[in-house]
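Got your viewer ready? Open the model, put it in cartoon view and keep the selection tool at hand.

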Number of protein chains: 2
Amino acid sequence: MNQSVVFPRTDARILADDGDSLSFCSTCAFSQACLSEGMDKSALMELHVLVEHVGPLAAGDHVFREGDPFSAIAAVRAGTVKTYQIDRDGREQVLGFHLPGEVIGLNAIHDDRYPCNAVALDTVMLCRFSFPKIALLASQLPNLQRHLFRLLSHDIGVASLFARDNSADERMAAFLIGLSRRLAARGFSAKRFQLTMSRTDIANYLRQAPETVSRVLRRFEREGLLHIKQRDVEILDLARLQAMATAVLRD
Amino acid sequence: MNQSVVFPRTDARILADDGDSLSFCSTCAFSQACLSEGMDKSALMELHVLVEHVGPLAAGDHVFREGDPFSAIAAVRAGTVKTYQIDRDGREQVLGFHLPGEVIGLNAIHDDRYPCNAVALDTVMLCRFSFPKIALLASQLPNLQRHLFRLLSHDIGVASLFARDNSADERMAAFLIGLSRRLAARGFSAKRFQLTMSRTDIANYLRQAPETVSRVLRRFEREGLLHIKQRDVEILDLARLQAMATAVLRD
DNA sequence: CGGAGCTTTGACGGACCTCAATGCGTGTGG
DNA sequence: CCACACGCATTGAGGTCCGTCAAAGCTCCG
């Protein structure tokens, strides 16, 4: 396990590849989102100036750790980032999985420290945005400010989804449907994808025992809802899975 | 139960009392917070211009309803506001209780609609801030922008607190300690306070059965942790209660 | 005084966790 | 190239916390 924290140490490598940063940036989810919200090209140029491309990170590399001073948010460009906390008994608590196009670090603004750890689950590429700089730019670009407010507002709702009064089946269905939709929104297949996280991580995230995850997935397969082999999932009955998930996702 | 939505209809009453809005505003939690974060007096004046004082609302009055177009956030000045959703089976899901000094409506920025209902549990006074106006002002006042970012960031963390699989006792202890601290932060007593919400609401918020809430509170009393009569609580053993709550609150 | 609604109390059952053992896949070294 | 070992996943058996159901008590009203 690599113990190093990526953010504070990657300045050198980041500064090294600014030659092609503009071409890279056209694939950056954050920039794309800004564009789609009506930000003009010249504004986007200013955004590009403060972007730092981080990666590739290997599975197990940490993006930041709980308690680190807050300096930047980051958009996931490729791979999956897991955020988690360690409680006082040393047990891990998974807070979320972050796919390409999603932003991490927003919950660190409040008290200027990252309140959780963030670790790469596979090979991860990031766009790093210095928060002081992007906040300053936001005061000049209304659309950027608006985009940031929306990102933050969105995350408020997401956190409370998996309360324990839903059944194990419902939570698992909601988890899979959520993944499917988020991947589809980024252009990936909605019906075939890989679980980049272990069953243990999924169980932890859903507040269940790993054994329960195993049993529920197996039963889903027996009932023809999906096909699963190792970490490769194929959803066979999206409608029925979605119906189970509505109790959690409220759509 | 009063079915009216307060925000869209109170413009007349709000505009009527702008004569003394400045004196009122000195007690507004939001303004105070801005001041304490280093915003200067002239900036605060500009903030006062766009504040609208709403209230008093009676218990059962709605501040906004799920699906209403988003227009404003609001700081609770007095009383308690409950936010909740209705799932497709018609069951209520309590999202949170908002005490004086706390801001509601932040989760509506994302898709320009309030994603939940907000209802007064007792006599409530609010400060209403038009969001377009405060966002515009924020781009001119860096400290205001920073304050808004922090408010949003804070709510991300709060939402995920009760999502974990802690025991009924731990969640109840965390609920009480949370209330105690938030009230103390506003100058109220940390050891004696009123539960402005019903047991049913508490149970719903903690994702428990009302019967469980009843049993746990009763057991806490038998064990000398607190004294409770109806909705009046006196905490007798803050330390022990806090110890139970750490599993949830992580402090 | 009486009724409605919330709260409390008890008995019971079920969903999921814990514990334990086996199976499977991957990487490593002989 | 195969054997072995380690970690993760699976499967089964048993226990428990808490939700559900039912009934009675309490409070605040009219």
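This tour goes from the two chains to a pair of cores, then to two single residues and a pocket. Keep in mind that you are looking at a predicted model.

**Stop 1: the two chains.** Colour by chain and superpose A on B. A rotation of 180° with 0.1 Å of shift along its axis does the job, with an RMSD of 0.1 Å. Those values describe a two-fold axis. Now select the contact residues of chain A: 97% of them recur in chain B, so both copies use the same surface.

**Stop 2: the cores.** Select A:Phe129 and B:Phe129. Within the largest nonpolar core, which has 80 residues, these two have the most contacts. Then jump to B:Phe193, B:Met197, B:Tyr205 and B:Val233, which are among the 34 residues of another core, apart from that one.

**Stop 3: B:Leu217.** Zoom in on helix α10 of chain B, residues 210-222, where B:Leu217 sits. Is B:Leu217 buried or exposed? It counts as buried, because its relative accessibility is 3% and the cut-off for buried is under 20%. Show what surrounds it: beyond its neighbours within four places in sequence, B:Leu217 is in contact with B:Met172, B:Leu176, B:Arg199, B:Leu226 and B:Ile228. For a distance to draw, try B:Leu217 to B:Ala173: they are 44 residues apart along the chain, with 9.3 Å between their C-alpha atoms.

**Stop 4: A:Val119.** Switch to chain A and pick strand β7, residues 117-120, which holds A:Val119. This residue is buried too, given a relative accessibility of 7%. Which residue 59 places away along the chain has its C-alpha atom 5.9 Å from that of A:Val119? Select A:Gly60 and you have it. A:Gly60 is also one of the contacts of A:Val119 outside the four-place sequence window, along with A:Asp61, A:His62, A:Thr80, A:Val81, A:Lys82 and A:Tyr84.

**Stop 5: the second largest pocket.** Turn on the surface and look for a space of about 370 Å³. To get to its centre, select A:Asp87, A:Arg91, A:Glu92, A:Gln93 and B:Asp165, the closest of the 20 lining residues. Next, highlight β5 (92-98) and α9 (199-205) of chain A and α11 (238-249) of chain B, the elements that each give two or more residues to the lining. Helix α9 of chain A has the largest share, with three. Finally, colour the lining by class: you should get 10 charged, six polar and four nonpolar residues.

Definitions and conventions
Residues numbered from 1 in each chain as written. Chains lettered and ligands numbered in written order. Predicted model: local features only at pLDDT ≥ 70, side-chain atom pairs only at ≥ 80, totals over all residues. Heavy atoms only, no water. 1 Å grid on protein atoms, 1.4 Å probe; cavity = no way out; pocket = protein on both sides within 12 Å on 5 of 7 lines; lining within 4 Å. Points joined across faces, edges and corners; volume = space filled by probe spheres on them. Helix = DSSP H or I, 4+ residues; strand = E, 2+ residues; numbered from the N terminus. Nonpolar A, V, L, I, M, F, W, Y, C, P; charged D, E, K, R; others polar. Core = buried A, V, L, I, M, F, W, Y, C linked by side-chain atoms within 4.5 Å. Buried < 20%, exposed > 50% of the residue type's maximum accessible area, 1.4 Å probe, protein only. Least-squares fit on C-alpha atoms with pLDDT ≥ 70 in both. Contact = heavy atoms within 4.5 Å.
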